[in-house]
Structures are given as C-alpha cells and as structure tokens.
Amino acid sequence: MTYPPRAGTVPLAVVATLLWHGAFHAAWGEPAASPPKKSIASTCNRAAFRVIVDVGHTAEAPGARSARGVTEYEFNLRLAKLVEQSLIDAGFGKTVLLVTEGPAMKGLVHRVTQANSAPADLFLSIHHDSVPDAFLEKWEYEGQERGFSDRFKGHSIFVSNDNDDRKGSLLFAKLLGKQLKARGLQYTPHYTEKFMGHRQRVLVDADAGVYRYDQLIVLRATHMPAVLLEAGSIINRDEELLMGSPEHQSLISAAVTDAVEGFCAARRPRNPEQVARKPGAAAKQTLQPAAAKQPANPAKQR
Ligand SMILES: [Zn+2]
C-alpha cells in the first residue's frame, strides 16, 4: 500500500476554517437585537499553546498489524504528522511531534520522560486499533495469510483518571469526540462489552465516545492533560483502506485541530509570559527524529 506523503495544507486550512465558522451557525439564526456572541477563538493564544502529538509505538515495537500487514506505527506516524501540520497551519506553532524509538516498555518510559520535559498544554497520543487475538479470522492478501476482523469499526478516545489533570483530559477528550461526530464519524461502542475481558472499559461520555483507561502509562504519567485517540480499526479490512485515504486523514486532522482550538480557548495559558513572545519565533519541533524502519516486533503495546 502506498500513501501520499502529506495532504495539501491549504485545503486543510480551508476545511478547518469552514468548520470552525460552522460552530457559530446557531448564533446566526438569532434575532438581530441579540448581542454578538464573544468568539471563543479570541481567548486562545495559539502561538503560546503547546500540543505534543505523540506517535504511538516505535519502529522497533510497532504495535498492531493491519489486515494487509502494515504496522500500526506506520499509520500512527502518517496521521500524527498530518495532525501536526494542521495545527501549525492553524497557528499552533509550538506543536511538537513526539517520535520515540526503542523496545516497547523502554519506549513508553522514554516517551513520558520526553513529554514531561517539554512543558506542554496538551498531550495527544495517536494510535490505530486492532482486536484481541480471539477475534481474528484468516484471509489471504497478496499471497500471504493475514489476520483480520471486520466485526468492529470506528474510533475511540481514552482518558485516565490518574492523570494530573483529569478534568482537562476529559474536557479535551469530549471536544475531540464531538468534533469527530460533527464530521459524521462514529465511535466504536464495543469496549463496553463483557467479551472484551481485561480490555473492557467504562464509557464516560456516550455522546463523544470517551472511555476511561486509567492504567495507560502515557495517560497517567504525563503531567499535562493527556488523551489517546484510536483513530480507527486497521484490522477491519474496509476501515484499513479508509484510514489510508488522505481525505479521511484530513478529516481527522481537522477535527483534532478544531478540538484543540476549543480546548485552548477554554484554558488559561500555561505560562502567561509566553503570550508576549512573537508568534514568528514559534518553530516546528521534533523531539526525536522520525525513524520509520521496517518493524521487527508486532507486540501490542501502547
Ligand atoms: Zn496502539
């Protein structure tokens, strides 16, 4: 499977702008005498607001494997880069792409350490979903036997009650869920089912599709509001193709960006002194160089 390196940034910005304005649509129908609504965008200092976009897993321990044999890490890296670009295009110049290397557990610890060492207002971990092995069926793709499950589809959002900023995490998770929903995307409800065993989760917001996953290291050990997005199921044969499409990736990136804007507007700046800094000084940063190599180990580890 091949993918374009990056979706057009201009259309992304246009879509984001249109949808952002759409949020105020309800206000347009009000009588002319109504006082103008205060734009929430005006309370958000985008240039001072730092988002860490975490690429789930590592090249060495790449997470799940898709129905066609592509690693989750490849999907995560591609989508996270688009999210990063979308945020930067929207004025969030301090956005950081967090790419981690190494074996699974070492990578997790390193990831959290890196995140906590870069003062940030929000941590968003990008993942793609699979299923427990018991649900896997076999099929042949390009001459190779592969595992798949078309039983579930849709995204899901996770927060940890053990995070230092539980309220902030939940707020962003809800905003993100609502932005995805506004674009016609449905979350997967199957995490509430008993058959998920130790992966069963509590659905804390049935409208936005937000689940609790207290034990997740990247959510509980990070010192800023932290949310994990399973953007879609790549073990589902149709959804894998969807997740590989630039249009769908743009849709998700725009949803994240609008959710970040809403979250930024609802929060006070982390460090008010940074507000005074000139926006042009905010440069794109990468904590670790992207090292997308061929995976060696398909272990499922967030
Ligand atoms: Zn993952």
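This is a short talk on one predicted protein model, from its overall make-up down to a few single residues.

Hi everyone, thanks for coming. Let me start with the overall picture. The chain has 302 residues, and 47% of them count as buried. Its secondary structure comes to eight helices and ten strands. If you take the contacts in the chain with a separation of 6 or more, 79% of them are between residues 24 or more positions apart.

Since this is a predicted model, a word on confidence. The average pLDDT for the chain is 82, and 75% of the residues score at least 70. Where are the weak stretches, with pLDDT under 50? One is residues 1–41, where the model has 40 contacts beyond four places in sequence. Another is residues 274–286, again below 50, with 18 contacts in the model beyond near neighbours in sequence. As a reminder, where pLDDT is low, the predicted coordinates should not be read in detail.

Now to the strands, and to E3 in particular, which spans residues 122–129. How much of E3 is buried? Eight of its eight residues are. Both of its faces are covered: Leu122, Leu124, Ile126 and His128 lie on one side, with Phe123, Ser125, His127 and Asp129 on the other. So you'll find charged and polar side chains in that buried list too, including Asp129 and Ser125. 

Which strands pair with E3? E1 does, in the parallel sense, over five bridges. In that pairing, valine 51 stands opposite leucine 122. E9, residues 226–233, also runs parallel to E3, and six bridges join the two. There, isoleucine 126 has leucine 229 as its bridge partner.

That brings us to the core. In soluble globular proteins, nonpolar side chains tend to be buried together. Here the largest nonpolar core has 72 residues, and the members that touch the most others are Val51, Val53, Leu176 and Val227. We have just met Val51, opposite leucine 122 in E3. What does valine 227 touch, once we leave aside its neighbours within four places in sequence? The contacts are Leu124, Ile157, Val159, Ser169, Phe172, Ala173 and Leu176. Leu124 is one of the buried residues of E3, and Leu176 is itself among the core members that touch the most others.

Let's turn to a helix, H4, residues 104–117. At 1.5 Å a residue, its 14 residues should span 20 Å, and the end C-alpha atoms are 20 Å apart, which agrees. Which residues of H4 are buried? They are Leu108, Arg111, Val112 and Ala115. Looking down the axis of H4, these fall within an arc of 90°, so they line one face of the helix. The face turned away from the buried side carries the exposed residues Thr113 and Ser117. As for what the buried residues pack against, that would be E1, strand E2 (96–98), E3 and helix H6 (217–220).

Next, two residues with positive phi, neither of them glycine. Histidine 57 has phi near 75°, and glutamate 142 has phi near 50°. Histidine 57 is in the loop between strand E1 (51–55) and helix H3 (72–89). Glutamate 142 is in the loop between strand E4 (137–141) and strand E5 (144–148). Buried or exposed? Histidine 57 counts as buried because it has 33 C-beta neighbours inside 10 Å. Glutamate 142 counts as exposed because it has 8 C-beta neighbours inside 10 Å.

Just before that glutamate, in strand E4, is tyrosine 141. With 13 other C-beta atoms within 10 Å, tyrosine 141 is partly exposed. Beyond four places in sequence, tyrosine 141 is in contact with Arg68, Gly69 and Arg146. Glycine 69 is 72 residues away in sequence, and the C-alpha atoms are 8.6 Å apart.

One last pair before coffee. Alanine 265 is in helix H8, residues 246–266, and counts as partly exposed, with 17 C-beta neighbours inside 10 Å. How far is alanine 265 from cysteine 44, in sequence and in space? They are 221 residues apart along the chain, and 4.3 Å apart from C-alpha to C-alpha.

That's my tour. Thanks for listening, and I'm happy to go back to any of these spots on the screen.

Key: Residues are numbered from 1 along each chain as its sequence is written. This is a predicted model: local features need pLDDT of at least 70, side-chain atom pairs count only at pLDDT 80 or more; totals for chains, interfaces and linings use all residues. A nonpolar core is a set of buried Ala, Val, Leu, Ile, Met, Phe, Trp, Tyr and Cys residues joined through C-beta atoms within 7 Å. A residue is buried if 20 or more other C-beta atoms lie within 10 Å of its own, exposed if 12 or fewer, and partly exposed in between; C-beta atoms are placed from the backbone. Two residues are in contact if their C-beta atoms, placed from the backbone, lie within 7 Å. Helices (H or I, at least four residues) and strands (E, at least two) are DSSP runs, numbered from the N terminus. The expected span of a helix is 1.5 Å times one less than its number of residues. The arc is that of the directions from the helix axis to the C-beta atoms. pLDDT is the predictor's confidence in each residue, from 0 to 100. Two strands pair if DSSP finds at least two bridges between them.
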